[in-house]
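Me: I would like the labels used for this model justified one by one. Please set each value against its criterion.

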Amino acid sequence: MKLSQFQFDLPAEKIAKNPPRWRDECKLMVLHKDTGEIEHKLFKNIIDYYGKGDTFVFNNTKVFPARLSGNKEKTGANIEVSLLRELNREQRLWDVIVDPARKIRIGNKLYFGEDESLVAEVIDNTTSRGRTLRFLFDGSYEEFKSALFSLGKTPLPIWVKPEPEPQDAENYQTIFAEVEGAVAAPAAGLHFSRELFNRMILKDINKAFITLHMGIGHFRNVDVEDLSKHKMDSERLIINPETAKIINDTKRSKHQVLAVGVTVTRGLETYVTTNDEVNAYDGWTNKFIFPPYRFAIPTSMVSNFHRPGSTMLMSVAAFGGYENVMKAYREALEGDYLFGPYGDALLMI
């Protein structure tokens, strides 16, 4: 398929700036992928489609305050740094994206904080992800991490809100976030509340958790028309043996496996056995799913409404069927559905 097949006009007013008052009360569009039938529900109705023995798979990654505002040495020019991943704990090395990148050279020092208390030196600008910074900090690692994160802001995408607000630190985090390492929240998981989890228990619906640390790669523009030539950034993926067993037991008993979000879908499809079961895994994935694609693990999937031309939209279309999903998106645009991480959701069953 081609990039142009996933383009459409998304008015700014269709992007949710804030989540609903209650996590599980956003709108839920339900797409029956075999028939193309569409239903309109609230997210808390999602468990009406599942029962005893079914399994919901979540991504328990935890977002850290990855956006830093600083100044370049000598010129004092304002710069924005997005932390991607820690490369070396002892040397304080981090992979980052710097904006505007054209002004930053190897050897430049960057200053952060009102008192410029945190300093970083650019030591590499050749990585595909942007730059490598060495933070110059004399204290312990715990003191450094505390200083770094105290200056950081919630990495809410700027197309949602140019500047995050204090409440975004909680809003842009799932209630089950546990393993720190993501610079973007698994948006479909944001809709799950403790009340909804309790109702899942009453219906004997299983929960299983993988860890996939979302990076900036999910939001990069796809710049090739032929999707087979697009390369995803690698992201850390952990599927422990207990999770793999829960999912495989569910499949063997012919029950449903719901992938909560695109990241979970990518993770589950990364290392699959020849008899369509999940392998336990601790490593990296650069899996890119786009139509046509045969899914081995999830039987259903829920995801937010995504921006045009995004890799997330392509993965959703692979699962629900291109024609079905684009029809659902047209209905969402014509109706009162909202897009983005704080927006509404699409369940494909």
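The turns below take up a barrel, a helix and a cavity.

Reply: Note beforehand that this is a predicted model.

Me: What makes the six strands a barrel?

Reply: They close in the order E5-E6-E7-E10-E9-E8, with antiparallel pairing. Neighbouring strands of this sheet are turned by 45° against each other on average, direction ignored.

Me: How do you know that strand E5 and strand E8 pair?

Reply: Pairing requires at least two bridges found by DSSP. Strand E5 (residues 67-72) and strand E8 (residues 109-112) have three bridges, in the antiparallel sense, so they count as paired. Among the residues concerned, Gly70 has Phe112 in E8 as its bridge partner, and Asn71 stands opposite Tyr111 in E8.

Me: What makes E5 and E6 a pair, and in which sense do they run?

Reply: The requirement is again at least two bridges. E5 and strand E6 (residues 78-88) have five bridges and run antiparallel, so the criterion is met. Leu68 stands opposite Val81 in E6.

Me: How many residues lie between E5 and E6 in their hairpin?

Reply: Five residues separate the two strands, and Lys74 in the turn has a positive phi of about 70°.

Me: Which residues of helix H1 are called buried?

Reply: Buried means under 20% relative accessible area. In helix H1 (residues 141-151) the residues in this class are Tyr141, Phe144, Lys145, Leu148 and Phe149.

Me: Why are the buried residues of H1 said to line one face of the helix?

Reply: Viewed along the axis of H1, the buried residues fall within an arc of 120°, so they occupy one face. The general background is that an α-helix has 3.6 residues a turn, so residues three or four places apart point the same way. On the other side of H1, Glu142 and Ser150 are exposed, a label that calls for over 50% relative accessible area.

Me: What makes a space a cavity and not a pocket?

Reply: A 1.4 Å probe must fit there but be unable to get out, whereas a pocket is open. The structure holds one cavity of 30 Å³ or more. The largest cavity has a volume of about 210 Å³. Of the 21 residues that line the largest cavity, the closest to its centre are Ala185, Ala187, Met214, His306 and Met312.

Me: Which elements supply at least two residues each to the lining of the largest cavity, and how many of its residues are nonpolar?

Reply: Helix H5 (262-270) and strand E16 (300-304) each supply at least two. The lining divides into 13 nonpolar residues, seven polar and one charged.

Technical notes:
Residues are numbered from 1 along each chain as its sequence is written. This is a predicted model: local features need pLDDT of at least 70, side-chain atom pairs count only at pLDDT 80 or more; totals for chains, interfaces and linings use all residues. Side-chain values use heavy atoms; hydrogens and water are left out. On a 1 Å grid over the protein atoms alone, a cavity is a set of points where a 1.4 Å probe fits but cannot get out, and a pocket is an open set with protein on both sides within 12 Å along at least five of seven lines; lining residues have an atom within 4 Å of a point. Grid points are joined across faces, edges and corners, and a volume is the space filled by probe spheres set on the points. Helices (H or I, at least four residues) and strands (E, at least two) are DSSP runs, numbered from the N terminus. Ala, Val, Leu, Ile, Met, Phe, Trp, Tyr, Cys and Pro count as nonpolar, Asp, Glu, Lys and Arg as charged, and the others, Gly among them, as polar. Axes are lines fitted to C-alpha atoms, for helices over the stretch in contact, and angles run from 0 to 180 degrees between N-to-C directions. Buried means under 20% relative accessible area, exposed over 50%, partly exposed in between (1.4 Å probe, protein chains only). The arc is that of the directions from the helix axis to the C-beta atoms.
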